[in-house]
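Student: Can we go through this one together? I'd like to know what the labels rest on.

Tutor: Sure, have a look first.

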Amino acid sequence: MTAYSLTQCASWRALERHRARIESTTLRSLFDEDDKRAERFTVDAAGLHCDFSKQRINQETLRLLMDLARERDVVGHAQAMFRGEHINRTEDRAVLHVALRAPRGEKIMVDGLDAVAQVHDMLDRMARFCNAVRDGEWRGHGGKPVRNVVNIGIGGSDLGPVMAYEALRHYSRRDMCFRFVSNVDGADLLEATRGLDAGETLFIVCSKSFGTLETLTNARAARQWCVQQLGDERAVARHFVAVSANEKKVRDFGIDVQNMFALWDWVGGRYSMDSAIGLSTMLAIGPTQFAQMLAGFHAMDEHFRDTPAERNLPIIMGLLAIWNNNFLRSSTVAVLPYADDLKRFPAYLQQLTMESNGKHVTLDGAPVGYDTGPIYWGEPGTNGQHSFYQLLHQGTRAVPCDFIGFARPIHPLGRQHDILMASLIAQAEALAFGKTADQVRAEGTPKTLVPHRTCLGNRPSTVVLAEQLTPHTLGSLVALYEHSVFTQGAVWGIDSFDQWGVELGKQLATQVIDEVTDEREPALAHDGSTNALIRHYRALRGARP
């Protein structure tokens, strides 16, 4: 699909004309004109209640967006994914994270094999291992049970596990310690192992290739720490397990391949938190609760696969993202979970959304010619209200916001949850309707301060509510965003499942590592700035020739 085929298609051009017609329409007027607006623009799916009535749209906008989805065959692309077709075209791979949570007995064939059967064989192995560790049957080299689990990964091998652990810590084993290492900065590993007894510590090394520079650097340092404490190389086999697709490298590291949990090339890193990459999650919350999380994923998968587009929550969310990004020219999205346990959720979404859709060419290699992949960012409420919400309310850029909240608290404490949720509801209202100059003047505000206290409103937002943050809810919430990302990529005609842009920096880093550590003065062939930085770094670290 070329850029021309998108921007010149009938539905896209109709949306451009429509935007020009309603550009001056405000949310205040839209609500004044339709007292049923909140009902018309609300969808319930897989335990989530989604109110997008505060988006800058009307019924005609939604109808035209649905025309765009049909013209770009979003549903057909989704069906191809569920059938196991190689929709990751640049890597010639299937995209089957949906198989990771399909119920036992379902069949999704990929390259002649039943992916669901493979997944459940792995889930059974994971469950047996996790039960053995949690029950104290699995013992370390010195005979001690495991009390500490350290997950070593980066990108999807870290962001998913750490987000899930933080989100579901209420359901975790509180007599066990879970820590996560991703940064190659030595401080990360040193702090993660500080105060731990190696004899009670299990490391999970997560790397599909078992060659990721940062992960393997940290894993080797952890291995050295473990052997130094326990005094025996054989200890590695009892204190390290791997999540990988590379059996040879796992064996060479010293990990018993019986303790290697497999990944498949049809699972991308940022879509892998419910695969064996979630081993630390299963260790923390147990196999039963992990299965509940998978059920939440699957509930949203079924909704996405089977529900007509007009009531399909991920499709609607994805189309609204395109409306805001490509027609209202909003280049960022703020994700604002009003739940402290979801504090790592915005960081998780940053990879899911921006690594997936941060692409500059279409599937056929043509320049896109339009904006893709808005920038996602955010912090939990109410913290953000006292930092960046000033820009949201009175800044010169309109930033669409996703508010996420829960009706019942995990940690009830007086009136605190009611105050939290009242803040969420009030912030969405304030962004939509603002405060007019007349309202400010009616409060007796001095004339010189009226402009400063006026909030223009008309800032779009979506509110997602659920009953409680449970494993099932977390699964459905993550799958909602996964399929919204899919929808956007299908409309833009890009490959949402490769990440070639990540590779260039890795390749250059391999060369620069040798140049900054060579005791001799290396011949440098970079640009002037890079050469100067290498020389200055060498001088500061005392590596002069």
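Tutor: A cavity is a set of points on a 1 Å grid over the protein atoms alone where a 1.4 Å probe fits but cannot get out, and lining residues have an atom within 4 Å of a point. A volume is the space filled by probe spheres set on the points, which are joined across faces, edges and corners. By that count, about 170 Å³ lies in the largest cavity. Keep in mind that this is a predicted model, where local features need pLDDT of at least 70, side-chain atom pairs count only at pLDDT 80 or more, and totals for chains, interfaces and linings use all residues. Residues are numbered from 1 along each chain as its sequence is written, and side-chain values use heavy atoms, with hydrogens and water left out.

Student: Which residues are the closest to the centre of the largest cavity?

Tutor: Of its 21 lining residues, those are Met317, Leu320, Ala321, Asn324 and Asp402. Helix 14 (313-327) is one of the elements that supply at least two lining residues, and helix 14 gives the most, seven.

Student: What makes strand 12 "mostly covered"?

Tutor: Buried means under 20% relative accessible area (exposed is over 50%, partly exposed in between; 1.4 Å probe, protein chains only). Six of the six residues in strand 12 (401-406) are buried, so the label fits. Cys401, Phe403 and Gly405 lie on one side, with Asp402, Ile404 and Phe406 on the other.

Student: How do you know that strand 12 pairs with strand 13?

Tutor: Pairing takes at least two DSSP bridges between two strands. Six bridges join strand 12 to strand 13 (461-466), so they pair, and they run parallel. Isoleucine 404 has valine 464 as its bridge partner there.

Definitions and conventions: Helices (H or I, at least four residues) and strands (E, at least two) are DSSP runs, numbered from the N terminus. On a 1 Å grid over the protein atoms alone, a cavity is a set of points where a 1.4 Å probe fits but cannot get out, and a pocket is an open set with protein on both sides within 12 Å along at least five of seven lines; lining residues have an atom within 4 Å of a point.
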